[in-house]
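Reader: I am new to this structure. Please take me through one part of it closely, and then set that part in the whole.

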Amino acid sequence: MIYRQTLYTEIEYLKGVGPKRATVLQKELQIFTLKDLLNHFPFRYVDKTKFYKVKEVRSDSSYIQIKGEIENLREAGSGRSKRLIADLTDNTGSIELVWFKGTKWIINSIKAKKEYLVYGKPSSFRSTINIVHPEIDLLENGKSESESMKFQPVYNSSEKLASKGLSSRGIMKLQKQLFQTVGNQIPEVLPDNISKSFNFITRIEAYKQIHFPENIEILEKAKNRLKFEELFFVQVELCSFKWKKETQNKGVIFSKVGDYFNNFFHNVLPFELTNAQKKVIKELRSDFNSGKQMNRLLQGDVGSGKTIVALMAMFIALDNGFQTCIMAPTEILAKQHFNTISKLVEKLDVKVVLLTGSTKKAERKIIDEKLRSNETQILIGTHALIEDTVKFNNLGFVVIDEQHRFGVAQRAKMWKKSTIPPHILVMTATPIPRTLAMTFYGDLNISVIDEMPPGRKEIITKHYFEKNRLKIIGSIRKIIKQGNQVYIVYPLIEESEKLDYKNLMEGYDLVLREFPRPEYQLGIMHGKMKTEDKDKEMQRFVKGELDILVSTTVIEVGVDVPNATVMVIESAEKFGLSQLHQLRGRVGRGGDQSYCILMTSYKLTNDARTRMKIMTDTNDGFRIAEADLKLRGPGEVTGTKQSGIMNFKIADLATDHKILEVARKIAIKLIEDDPNLSKEKNKSLKNHLKESKKERFSWVEIS
């Protein structure tokens, strides 16, 4: 009986694989089935249509191919520098070919007086042009096996794979075998109307052309089709989840805007709202009147005025007789919110209460009683808010600050604090590129404050090398003499906590030498300290008891120290763009001009130089987030590289934003028309999503 292979057949049963190769494919490339191999796409293509003559080759040429005879094989050097050298000769001259590995195979396989096709990247050694580890193909009747392809695919491989005969070329041979075996089983998954409206090539053709393209034009069509469907599937899942949430979770209606809101807006608010803030408030009001539970993400750079927007939305809840709360990730942030809001509402007779892990038992009892009796209108706190003992009388609106610091389960607990789930606003001061927001938070409505309040001074950012240190020390002394404070931050070296601690302590000693006690007051903060000790040190800095705070990156996001006007970031090249921007946001909170000093070594990579330039050129968090996405990729930016969340096979969120936007629009229309995908035209799509769910991460778990 012949075993019929399908796309879900284990990879070892493909002809040419077997158990040993299967094991290395699984470990190195996570290829377990024939379908996984099908979705292992080339990362570039070799143009096999252009040939060079030896005399045309330069050491700075890109990858090239030459036809000629290989002769004069000889060994040179010893030990690690031992190598095999041969001459490739055509009618214009000769060039050296060099191999450091696999020399026995080369010696045994090269045939004298035969023509070869040689492919590789030229380089120069002691003024001699050579090609190291070239690909070679014996030409039969003037043609090689790979020459029949105009564009040869190049696949990611590894040393372990190559040792099993699975270099890029070995993988290419497996792909050919795969198409011969199950190529006709690739199903259509997009509804016909979508394929026709975009004039997509068939799915089978797209896969054939992505692996073995006939020309550039059809390769682009194949890429476009496969990128679209990969992004489209994610968006359909997110839009479906969003539709279910909105239809199943009815929300309370805040039908009026009353005295609390109007009194604050007309008589208390000390400044004019920006247009961006007004736009977001309108979006929130629309949600409050929809009859559906609001789930909205509010993005805004440090200092853009998110808290005021959240407070004004809270007033609408109060005007409709509901209680509200703000949950912050740390006690110091919760206290800051409490102090800020208490000051803003003191003329409005609003009862604001603070609840944290350190709240005394007797005080908690009073808080619980006042919550249940509706006497407390705004509750501000930490994780303590989600404890089962905390019961509201009539909770209608919840604000979650720095939402990425809370897990899904923690946020979901707030839903259960009321019979009808309260409206939820999650806020972040970390600007998220639009493509990531559409992918990570596609089931949420998204609001953006992309405008800073007028009159706010931009932080001046400068990049200095070590030779400028004395100048920086002099500037810091001057700043402290003027009555201002300074942060000095050392990088967190994840590979070694001990090394990180050592770097910080050495840095602290250096700072202490330049700023000795009792003339200067220094504090220190790092990840090894207990939470209460970190809070204590931060509070000393907040109160102005310290001139300089030397720290790792544990400085709290969102903590206001208006008197801190200088941020010095040591070894700034070791930080990502978004992290540099977040650190910079710790200063510039008061009326004085603030500065961010980026100290680096002289030896910088091109990426590091680019990061320093971007930081000195702009304070715009959204521009920085987009640049960070392009430089590092989505997995690095979001910290999901190893989690499987960003495991796209062909789509790239840094470059494919236009395709993503189209895919999202189509997904929204499709779910509006057929939310359960029950129509006949969507049957194949529904089956595909059902099948894929067994294999991959579910996107709806993240928001």
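Author: What follows starts with one residue and its surroundings, then turns to some backbone details and the chain as a whole. Bear in mind that this is a predicted model.

Start with Ile66. This residue sits in strand 2, which covers residues 64–76. Is Ile66 buried or exposed? Its relative accessibility is 0%, so Ile66 counts as buried. The cut-off for buried is under 20% relative accessible area.

Now look at what surrounds it. Leaving aside residues up to four places away in sequence, Ile66 touches Tyr52, Val54, Val57, Leu88, Asp90, Ile95, Tyr116, Leu117, Val118 and Ile131. Lys53 gives a distance to check on screen. Lys53 and Ile66 are 13 residues apart along the chain. Their C-alpha atoms are separated by 6.2 Å.

Next come the backbone details. Most residues other than glycine have a negative phi, and most peptide bonds are trans. Three places in this model depart from that pattern.

Take Asn199. Its phi is near 55°, a positive value, and the residue is not glycine. Asn199 belongs to the loop between helix 6 (192–197) and helix 7 (203–211). It counts as exposed because its relative accessible area is 65%, and the cut-off for exposed is over 50%.

Leu677 also has a positive phi, near 50°. It too lies in a loop, this one between helix 23 (657–673) and helix 24 (683–695). Is Leu677 buried or exposed? With a relative accessible area of 9%, Leu677 is buried.

The remaining place concerns a peptide bond. From Arg517 to Pro518 the bond is cis, with omega near 0°. Pro518 is in the loop between helix 17 (497–514) and strand 19 (522–525).

Now step back to the whole chain. It has 703 residues, and 52% of them are buried; Ile66 and Leu677 are both buried. The secondary structure comes to 24 helices and 22 strands. Along the principal axes, the C-alpha atoms fill a box of roughly 95 × 70 × 40 Å.

How do contacts run along the sequence? Consider those between residues at least 6 apart: 73% of them join residues at least 24 apart.

Finish with the surface and the charges. The protein chain exposes about 34900 Å², and carbon and sulfur atoms supply 50% of that area. There are 111 positive and 87 negative side chains. The centres of these two sets lie 2 Å apart.

How values were computed:
Residues numbered from 1 in each chain as written. Predicted model: local features only at pLDDT ≥ 70, side-chain atom pairs only at ≥ 80, totals over all residues. Heavy atoms only, no water. Helix = DSSP H or I, 4+ residues; strand = E, 2+ residues; numbered from the N terminus. Buried < 20%, exposed > 50% of the residue type's maximum accessible area, 1.4 Å probe, protein only. Contact = heavy atoms within 4.5 Å. Areas by Shrake-Rupley, 256 points an atom, 1.4 Å probe, with all protein chains shown as cover. Lys, Arg positive; Asp, Glu negative; His and termini not counted. Charge placed at Lys NZ, Arg CZ, Asp CG, Glu CD.
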